[in-house]
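This report describes the fold and selected local features of one protein chain. The sequence and the coordinates are shown first, and the description follows.

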Amino acid sequence: MSLATYQLFCIIAETRNLTHAAEALNMTPSAASHAISSLEKSLGFALLNRSRYGVTLTDNGEILLEHFQAVLAEETRLREEISQINGLMKGVVHMGVVDSICRIYLPDILSLFTHKYPQLEVCVHQDDCYSIETMVLNGELEIGFVSLPTSEQLSVITLLHDKLLCITPESFIPENSSYITVNELKNQVMIQAKRGYDKCISSFFSENGLRCSPKHNIALETSAIAMVEAGMGCSILPESFIKGYTGRYNVFPLENNLHRSIGLVTPKNRRLSLAGTRMLHEIRQIIK
């Protein structure tokens, strides 16, 4: 068993294609197949299901994937520590961000970080809070921005509090001109994007007997806004996302001024890499 074979297996798991994985590592398909077969032989069980349509992981393969990824991540951190000892500053930080962070803070974060540490690489993954939390927990991401509360297995730094607002068609007039009530929302078609449906909004819906319209399957917040503009319903979005957007809709606070909290999370059971430590420091300087 070798790190190169672990890396090969992880790429196969990602691409579901042995040939593509071999190409990514400048190997021939036959050499890649032989390496995986040797790994399976040494383990005593199969890792892949092979068919003419491609490859999938066996149950044992799914179990070991996380461990192989952890070994490779630890190897990366080891090399970074060695580089630090040698006076170098090389490394990669994998960071997960939600859309509002992308638009408002990410430009400043990346600009400052790359200027200060040009030899450090930043890989940004944009997704919803649930996916980012999961990826930090399994080691795919080192740092993530998520909506709080989060898993007890993660260390949390609370960064900001973001007001939740309701956008409505221009024709909608609330009973109270300064805010919209839960009872009013119960009579509206609620349109929520899957990516923006975080824990705080989900809890608000559950606690108040609200539900998303089953007629619509929306992935992005911008699509939800477009449907509201078309008069098809209302949507609840964070203030940080609405900032900078102008459109044919009205914006109202929710009664009781509901907020969500955004935090920066890192795994409790893994030490941050050098690059991750530097990034954490710079983010805290920018978002105060």
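## Helix H7 and its surroundings

In this predicted model, the buried residues of H7 pack against five strands and one helix by name: strand S3 (91-97), strand S4 (120-126), strand S5 (143-147), strand S6 (154-169) and strand S9 (259-267), together with helix H9 (199-207). Helix H7 itself covers residues 129-137, and its buried residues are Cys129, Ile132, Glu133, Met135 and Val136. These residues lie on the same side of H7 because they cover an arc of only 165° around the axis. In an α-helix there are 3.6 residues a turn, so residues three or four places apart point the same way.

Both ends of H7 have a feature of note. At its start, a side-chain oxygen of Asp128 comes to within 3.0 Å of the backbone nitrogen of Tyr130. After the helix comes Gly139, which has a positive phi near 90°.

## Overall architecture

The secondary structure consists of 12 helices and nine strands. The C-alpha trace spans about 70 × 50 × 30 Å along its principal axes. Of the 288 residues in the protein, 45% are buried. Among contacts with a separation of 6 or more, 72% are between residues 24 or more positions apart.

## The contact of H1 with H3

Two packed helices are described by the angle between their axes and the distance between the axes. For helix H1 (residues 3-15) and helix H3 (residues 29-43), the axes come within 10 Å and cross at roughly 105°. H1 is therefore roughly perpendicular to H3. On the H1 side the contact involves Thr5, Tyr6, Leu8, Phe9 and Ile12, which meet Ala32, Ala35, Ile36 and Leu39 of H3. Eight of the residues in this contact are nonpolar, one is polar and none is charged.

Helix H3 also holds Glu40. Is Glu40 buried or exposed? Glu40 is buried, because its relative accessible area is 10%, and buried means under 20%. A polar atom of the Glu40 side chain lies 3.1 Å from the backbone nitrogen of Leu48. The side chains of Glu40 and Arg50 are joined by a polar contact of 3.1 Å. Leaving aside residues up to four places away in sequence, Glu40 touches Phe45, Ala46, Leu47, Leu48 and Arg50.

## Loops and backbone geometry

Most residues other than glycine have a negative phi, and most peptide bonds are trans. Asn26 has a positive phi of about 55° although it is not a glycine. Asn257 likewise has a positive phi, near 50°, and is a residue other than glycine. The peptide bond from Leu148 to Pro149 is cis, with omega near 5°, and Pro149 is found in the loop between S5 and S6.

The table lists loop residues with their relative accessibility.

| Residue | Loop | Relative accessibility |
|---|---|---|
| Asn26 | between helix H2 (18-24) and H3 | 73%, exposed |
| Gly231 | between helix H10 (221-229) and strand S7 (235-238) | 47%, partly exposed |
| Asn257 | between strand S8 (249-253) and S9 | 42%, partly exposed |

Gly231 can also be placed relative to Thr56: the two residues are 175 residues apart in sequence, and their C-alpha atoms are 44 Å apart in space.

Conventions:
Residues numbered from 1 in each chain as written. Predicted model: local features only at pLDDT ≥ 70, side-chain atom pairs only at ≥ 80, totals over all residues. Heavy atoms only, no water. Buried < 20%, exposed > 50% of the residue type's maximum accessible area, 1.4 Å probe, protein only. Helix = DSSP H or I, 4+ residues; strand = E, 2+ residues; numbered from the N terminus. Arc of directions from axis to C-beta. Contact = heavy atoms within 4.5 Å. Polar contact = N/O pair within 3.5 Å; in protein donor to acceptor, adjacent residues only side chain to side chain. Axes fitted to C-alpha atoms, helices over the stretch in contact; angles between N-to-C directions. Parallel < 35°, antiparallel > 145°, perpendicular 65-115°, else oblique. Nonpolar A, V, L, I, M, F, W, Y, C, P; charged D, E, K, R; others polar.
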